[in-house]
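Open the model in your viewer and keep the sequence panel visible. The stops below go residue by residue and element by element.

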Amino acid sequence: MSIKIFVDGANLEDMLTHYQHTPDIAGFTTNPSLMKKAGVTDYHAFAQEVLEKIPDRPISFEVFADALDQMEQQANNIATWGDNIYIKIPVSNTKGISTAPLVNKLSKAGIKLNITAIFTHQQIDEVIDNLDSKTPAIVSIFAGRIADSGIDPIPTMRYAVELARKKNLPLCEILWASTREAFNIKQAEQCGCHIITVPPTLITAAHKNFGKSLEQYSLDTVKAFYQDAQAAGFNIN
């Protein structure tokens, strides 16, 4: 498989399990919502523990300020925590103000970025136009949420891949985000995406089921239904 798989989550136990036991995991991403869901209360302490235990693969940590000048301060601070860090910058703040000027400034300063929450061609254009060709960057497009809106994300992902190529940005990687099913890994690879973020449950499903005979999969499903009915003690008089 040519695409890089990043674990998406903030459960340290899950992260370490895949780091230690899943050889094809190339990196990790998280965000404030995932941290909150995982019960993280101390952002810095959590990040330090993750970086201590996973020192050699890319990890994205997101700024959480809303004003661009405060985002910049947080980005510069987080960047000092480790060489394997990518700073996640949202494509806009909560008022809809583009972060492109900040992306431009940080990228030119050599800070590795992961620009996130991208949905549209216009946002892709603006972000890619503000990346420095000498600085690694990840462009995270929320394919799963685009699909949730009833729109096929495939053309958008292909558009981003082709634009990065045309702009001669060899260190820019296009990331398929908000993965919904294991098959998205195949779709992202077919689109030419460089990275896909996958939650631990779908990584497990992919390793378990990719390549499985559909006849065997059908039989396994029938057996599971039968066994669950027996375990529940169902009967119809």
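Is Cys193 buried or exposed? Select Cys193: in this predicted model, the residue has 6% relative accessibility and so counts as buried.

Next, add Cys191 to the selection. Cys191 also comes out at 6% relative accessibility and therefore counts as buried. Why is there no bond between the two sulfurs? The sulfur of Cys191 has its closest cysteine sulfur in Cys193, at 5.2 Å, which is too far for a bond; the cut-off for a disulfide is 2.5 Å. Seen from the other side, Cys193 takes part in no disulfide, and the sulfur of Cys191 is the nearest one to it. Extending the search to the whole structure gives 0 disulfides.

Now switch to a cartoon view and select the strands. E1-E2-E3-E4-E5-E6-E7-E8 form a closed barrel of 8 strands, paired in parallel. On average, neighbouring strands of this sheet are turned by 25 degrees against each other, direction ignored.

Within the barrel, pick residues 85-90, which are strand E4, and residues 113-118, which are strand E5. The two run parallel and are joined by 4 bridges. To see a bridge pair, select Pro90 and its partner in E5, Thr116.

Finish with two helices. Select residues 43-53 for helix H3, which lies across E4 and strand E3 (59-62). The angle between H3 and E3 is about 175 degrees. Then select residues 121-129 for helix H6, which lies across E5, strand E6 (137-141) and strand E7 (172-176). H6 runs at about 165 degrees to E5.

Key. Residues are numbered from 1 along each chain as its sequence is written. This is a predicted model: local features need pLDDT of at least 70, side-chain atom pairs count only at pLDDT 80 or more; totals for chains, interfaces and linings use all residues. Side-chain values use heavy atoms; hydrogens and water are left out. Two strands pair if DSSP finds at least two bridges between them. Axes are lines fitted to C-alpha atoms, for helices over the stretch in contact, and angles run from 0 to 180 degrees between N-to-C directions. Contact means heavy atoms within 4.5 Å. Buried means under 20% relative accessible area, exposed over 50%, partly exposed in between (1.4 Å probe, protein chains only).
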